[in-house]
Amino acid sequence: MAAPQVPGELLDRLATARHVVVLTGAGVSAESGVPTFRDAQTGLWSRFRPEQLATVAAFESDPPTVWAWYEWRRDLVGKAEPNPGHLALARLEALVPRLTLVTQNVDGLHRRAGSRDPIEFHGNLFENRCLDCGLQADDVPRPCPSPPRCIACRGWIRPGVVWFGEAIPAAALARSFAAAEDCDLFLSVGTSAEVYPAAGLALAAKRHGATLVEVNPLPTSLARHADFVLSAASGTALPAMCDALARRVEVNIHAR
Ligand code: OAD
């Protein structure tokens, strides 16, 4: 896919932004070979039923099956590498005064790409805790074919991701909404913007006066609220945006 033309007005706003917030979704990892959830044919939810794999009830009724599905995803992500989109977002941190990265992804690829402190809104695939007492389980071996038991209470150890019907971790929720309400530019990248409360971050930013930018090859319901839409894959759009911004920042420095 060809790199999109980045509008000059968008570059101006990026170059003068005080605080940029980026929300990423599964689309940003698609070019690393990690399947999205809702893309027709390739999305995980076209092949698997969320209520049988991503709820507390599902895990309680069949811990080995649910655990095995997460082991499969851990294997897949373990073999994946950050792509140019992840790397561009890590680079963007150095090009703006303040950047808050919020990700719905549980794959850890932003951290591996060099992003310093991503807020993992839906948790992390490689963290585990006890279903009953909540004790963090840091010593689960990999691979681990069946769900281990908690060393404290013998409860089942579950993956540290947010399942349907569960609350977002309070600190992640508070930090993300505070950042969205404070920022002057909000980038929504590779997300269908269908799952709340994450999807509410972009609208909160817009309500508080931020410029809203969507990066997605297919328009979402957010597009009609957006000031700019880059209809392209994040692996091409984000490097193009960073390159153009870096040139703009350099020109501004020389002009001073
Ligand atoms: P979705 O699968 O809902 O949406 C992925 C989006 O990425 C779609 O809008 C695609 O058009 C877009 N996309 C595909 N390839 C892309 C590319 N190369 N570059 C940019 N965009 C691309 O994934 P999310 O929005 O992340 O929740 O889904 C949100 C949540 O729903 C997930 O965190 C997960 C899921 O159920 C939990 O597990 C709690």
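**Exercise 1. The side chain of N128**

Determine which side chain forms a polar contact with that of N128, and whether N128 is buried or exposed.

*Solution.* Step 1: The side chains of N128 and R74 are joined by a polar contact of 2.7 Å. A polar contact is a pair of N or O atoms within 3.5 Å; within protein, one must be able to donate a hydrogen and the other to accept it, and residues adjacent in sequence count only if both atoms are side-chain atoms. The model is a predicted one, in which local features need pLDDT of at least 70 and side-chain atom pairs count only at pLDDT 80 or more, while totals for chains, interfaces and linings use all residues. Residues are numbered from 1 along each chain as its sequence is written, and side-chain values use heavy atoms, with hydrogens and water left out.

Step 2: N128 belongs to strand β4. Strands (E, at least two residues) and helices (H or I, at least four) are DSSP runs, numbered from the N terminus.

Step 3: N128 is buried, because its relative accessibility is 5%. Buried means under 20% relative accessible area, exposed over 50%, and partly exposed in between (1.4 Å probe, protein chains only).

Step 4: Apart from neighbours within four places in sequence, the contacts of N128 include W67, R74, L135 and I157. Contact means heavy atoms within 4.5 Å.

**Exercise 2. Three residues of helix α9**

Classify S176, A180 and D182 by accessibility, and state which residues each of them touches.

*Solution.* Step 1: Helix α9 spans residues 170–182 and contains S176. A180 is also in helix α9, as is D182.

Step 2: S176 has a relative accessible area of 0% and is therefore buried. A180 is likewise buried, because its relative accessibility is 0%. D182 has a relative accessible area of 30%, so this residue is partly exposed.

Step 3: Residues up to four places away in sequence are not counted in what follows. S176 touches V102, I119, F121 and L201. A180 touches V21, F186, L201 and A205, and D182 touches R18, H19 and R98.

Step 4: Distances between C-alpha atoms complete the picture. A180 and R207 are 27 residues apart in sequence, with 9.7 Å between their C-alpha atoms. D182 and R49 are 133 residues apart along the chain, and their C-alpha atoms are separated by 37 Å.

**Exercise 3. Helix α7**

List the buried residues of helix α7, and identify the side chain that reaches the backbone nitrogen of G85.

*Solution.* Step 1: Helix α7 covers residues 84–92, and its buried residues are G85, H86, A88, L89, A90 and L92.

Step 2: At the start of α7, a side-chain oxygen of N83 comes to within 2.7 Å of the backbone nitrogen of G85.

**Exercise 4. Unusual backbone geometry**

Locate the two cis peptide bonds described here, and state where Q41 and A193, each with a positive phi, are placed.

*Solution.* Step 1: Most residues other than glycine have a negative phi, and most peptide bonds are trans.

Step 2: R142 and P143 are joined by a cis peptide bond with omega of about -5°. P143 is in the loop between β4 (123–130) and β5 (157–161).

Step 3: Y196 and P197 are joined by a cis peptide bond with omega of about 10°. P197 is in the loop between β6 (185–189) and α10 (198–207).

Step 4: A193 lies in the loop between β6 and α10. A193 is not a glycine, yet its phi is positive, about 55°. Its relative accessible area is 8%, so A193 is buried.

Step 5: Q41 is not a glycine either, and its phi is about 70°. Q41 lies in the loop between α2 (27–30) and α3 (44–47). Q41 counts as exposed because its relative accessibility is 71%.

**Exercise 5. Polar atoms beside the ligand**

Give the distances from E31, G190 and S234 to atoms of the ligand.

*Solution.* Step 1: A polar side-chain atom of E31 is 2.9 Å from a nitrogen atom of the ligand.

Step 2: A polar backbone atom of S234 is 2.9 Å from a nitrogen atom of the ligand.

Step 3: A backbone N or O atom of G190 is 3.2 Å from an oxygen atom of the ligand.
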